[in-house]
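Good morning, everyone, and thank you for letting me take a few minutes of the meeting. Please have a look at the structure on the screen, and then I will walk you through its sheet, its helices and its aromatic rings.

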Amino acid sequence: MAGAYCNLLYHFLFSTKGRRPLITTAMKPRLHDYIGGIVRGEDGDLLEINSVPDHVHLLVRLHPTRAVADVLRLIKANSSRWANEKFPRGATFAWQEGYAAFTVSQSQVPKLLAYIRGQEEHHRKRDFRRELVTLLRRNGISFDERYLL
């Protein structure tokens, strides 16, 4: 077979440093657009993004030559630098170290899209920490509670 045919879908989740509410209503759409540009610059597709004040969820399709850790490093470094330039304020915008990344089956995309789009409603009932623990457990990922801050 000539060529490579891939559908490498990932659900990324990462928080602001200290989970401070740094993603403002004014910043949110522009931040989402900027992150989308970073993903496209890495030959990927941003299929969905949503955030609440202290964290962001992305559904992305990555090019097979791109490593998850490299793409996330670029997203976090470039978007935090951009946020500080475009939205200067007393608190420096920064992302927390680390991230969660989950592979996604194409059959689960509609469910995940609804989940990402419904973040505001979801977080009226459940905080970020509980959400992260639930996702880690559902995906069989071991973790140390001390590092979930």
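Before I describe how a helix sits against a sheet, let me say that contact here means heavy atoms within 4.5 Å of each other. Please also keep in mind throughout that what you see is a predicted model.

Let me begin with the sheet, which is open and is formed by four strands in the order E2-E3-E1-E4, with antiparallel pairing. At its edges you find strand E2, residues 45-52, and strand E4, residues 100-103, each of which pairs on one side only. If we ignore direction, neighbouring strands of this sheet are turned by 15° against each other on average.

Now look at strand E1, residues 8-15, which runs antiparallel to E4 and is joined to E4 by four bridges. Which residue in E4 is the bridge partner of Phe-12? The partner is Ala-101.

Across E1, E4 and strand E3, residues 55-62, lies helix H2, which covers residues 68-86 and runs at about 45° to E1.

That brings me to the aromatic rings. A pair of such rings is described by how far apart the centres are and by the angle of the planes. In this model the count comes to five aromatic pairs. One of them is formed by Phe-14 and Trp-95, an edge-to-face pair with 4.8 Å from centre to centre and 85° between the planes. Because Phe-14 belongs to strand E1 whereas Trp-95 sits in the loop between H2 and E4, this pair ties together parts that are 81 residues apart in sequence. Are these two residues buried or exposed? Phe-14 counts as buried, at 1% relative accessibility, and Trp-95 is buried as well, with a relative accessible area of 9%.

A second example is Tyr-34 with Trp-82, whose ring centres are 5.0 Å apart and whose planes stand at 15°, and therefore the pair is stacked, since planes under 30 degrees apart count as such. Tyr-34 lies in helix H1, residues 28-41, and Trp-82 in helix H2, so this pair ties together parts that are 48 residues apart in sequence. Here Tyr-34 is partly exposed, with a relative accessible area of 31%, whereas Trp-82 counts as buried at 8% relative accessibility.

Finally, let us return to Phe-14 and Trp-95, which are linked by ring pairs with Phe-93 into a cluster. Thank you for listening.

Terms used:
Residues are numbered from 1 along each chain as its sequence is written. This is a predicted model: local features need pLDDT of at least 70, side-chain atom pairs count only at pLDDT 80 or more; totals for chains, interfaces and linings use all residues. Side-chain values use heavy atoms; hydrogens and water are left out. Two strands pair if DSSP finds at least two bridges between them. Helices (H or I, at least four residues) and strands (E, at least two) are DSSP runs, numbered from the N terminus. Axes are lines fitted to C-alpha atoms, for helices over the stretch in contact, and angles run from 0 to 180 degrees between N-to-C directions. Rings of Phe, Tyr and Trp (its six-membered ring) pair if their centres lie within 6.5 Å; planes under 30 degrees apart count as stacked, over 60 as edge-to-face and the rest as tilted. Buried means under 20% relative accessible area, exposed over 50%, partly exposed in between (1.4 Å probe, protein chains only).
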